Amino acid sequence: MSGHLMGVYNRAPLEVDRGQGVRLWAKDGTEYLDCVSGISTNALGHANPKLAEALKAQADKLWHVSNIFKIPGQDELADALCAKSFAEVVFFANSGTEAVECALKTARKYHHANGQPERIDIYGFDGSFHGRTYGGINAAANPSYTEGFGPPMQGFHQLKWGDKEALKAAFENPTTAAVILEPVQGEGGCRATSEEDLRWMRETADANGVLIIFDEVQCGMGRTGKLWAHEWAGMAPDIMAVAKALGGGFPIGACLATAEAAKGMTVGAHGSTFGGNPLAMAVGKAAFDEISSDAVIANVNEIAGYLKQQLHGLQERFPDVIVEVRGKGLLLGLKLVPNNREFMGWARDEAKLLVAGGGDNLVRILPPLNITLDEAREAVERVEKACEFARTKLAA
Ligand SMILES: *Cc1c(COP(=O)(O)O)cnc(C)c1O
């Protein structure tokens, strides 16, 4: 135990030393195949040379000034994000939950600017995760993250994921500001809202003057096989939170919006000391150019097809271990018979494979987006090995 660290994490007994691509080495020299990727964050693998180069070059020039000045790189990254999305304006933050916070504030402020300050209600869904600020935990309303932190924040409501009747009523409520949704839930268990339902949400929101916020912190940035997960449905939100893979492992978050939705966010409405700092912009631009390239997106689809097929094969062979294969692109989940936390330990110790946990007793497989077919094959072999070990444990 590290005595002076706040005890909020359930850490695996693995002291990490260094990484290269999809591999991680512990201090004791053990090599692991990393299919956690810092929870969908190191999307180009560890120690990516292009990102390291961008960081080093910027480190010698300028680290921080303040947003009271024009910061190098912000326009370039904002231009790139807007050129490849529905958005027209971007606010830079340092993390996913800050991007969500900005999205929630933008939505309420929009209605305020529109002369409808009574529109404050925000509807989220069970199984969502929007980070750990008060706005984030109230929007997701997961009791294990809100309990003990005081009364629920006014105007935040939770709907049952998939309850279309309740969602319709929320859209029609005259004091609704916005609905916030992960098009593909990450932490909650790799659940994707159907493309048809996403299009229906867009129509219904428009008909009622309600904004749609997508939290693509985990499912965005190429993870599902399109740059943005909502692209599969051929629709777009008004506001979107992005982070995790946006910096390829460097802390950065961004709130993207249409100019209309952001019309209340005028001078003084929001801000950040570190948001959009030169280091984050330099790495972010390098990461975005790479991740949004046709080659990387094509690789996601190719590897995802392979992995899904192989994992279904393993499910057939190990029905006593794997209940279901879920997810979209390289946001893959295995719903398990044994406890997922226990399985993660077996995968780590017996197969030297790192996977992430998830709601609904899942383990998530979140390899870097540039993982090769050979490495993906290795990942499957290690999942198989973990399943074999799980079988012996379950039989015992
Ligand atoms: C990780 C995550 C967040 C929070 O991001 P932080 O950088 O930890 O604040 C928010 N939303 C989703 C969907 C996430 O996966």
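**Cysteines, ligand shell and two local sites**

In this predicted model, the disulfide count comes to 0. Take Cys82: the closest cysteine sulfur belongs to Cys255 and sits 11 Å away, which is too far for a bond, given that a disulfide needs the two sulfur atoms within 2.5 Å. Cys190 is likewise in no disulfide, with the sulfur of Cys219, the nearest one, 11 Å off. As for burial, Cys190 has a relative accessible area of 3% and is buried. Cys82 comes in at 18% relative accessibility, and this counts as buried too, because the cut-off for buried is under 20%.

Now to the ligand. The residues around it are Ser95, Gly96 and Thr97, then Phe129, His130 and Gly131, together with Glu182, Asp215, Val217, Gln218 and Lys244. Sorted by character, this shell splits into 6 polar, 3 charged and 2 nonpolar residues. Several of these residues place a polar atom against ligand oxygen. Gly96 does so through its backbone, with an N or O atom 2.8 Å from an oxygen atom of the ligand. Thr97 also uses a backbone N or O atom, again at 2.8 Å from a ligand oxygen. With Gln218 it is the side chain that takes part: one of its polar atoms lies 2.8 Å from an oxygen atom of the ligand. On its own the ligand has 380 Å² of accessible area, and the protein covers 82% of that.

Away from the ligand shell, two further sites can be described. Thr30 belongs to the loop that runs between strand S2 (23–26) and strand S3 (31–34). Its side chain makes a polar contact of 2.7 Å with the side chain of Asp28. Once neighbours within four places in sequence are set aside, Thr30 is in contact with Leu24, Trp25 and Lys352. Val16 is 14 residues from Thr30 along the chain, and the C-alpha atoms of the two are separated by 9.5 Å.

The other site is Asn299, which is found in helix H10 (residues 294–317). With residues up to four places away in sequence left out, Asn299 touches Leu369, Asn370 and Ile371. The relative accessibility of Asn299 is 18%, so this helix residue counts as buried.

Definitions and conventions
Residues numbered from 1 in each chain as written. Predicted model: local features only at pLDDT ≥ 70, side-chain atom pairs only at ≥ 80, totals over all residues. Heavy atoms only, no water. Near = heavy atom within 4 Å. Polar contact = N/O pair within 3.5 Å; in protein donor to acceptor, adjacent residues only side chain to side chain. Areas by Shrake-Rupley, 256 points an atom, 1.4 Å probe, with all protein chains shown as cover. Nonpolar A, V, L, I, M, F, W, Y, C, P; charged D, E, K, R; others polar. Buried < 20%, exposed > 50% of the residue type's maximum accessible area, 1.4 Å probe, protein only. Helix = DSSP H or I, 4+ residues; strand = E, 2+ residues; numbered from the N terminus. Contact = heavy atoms within 4.5 Å.
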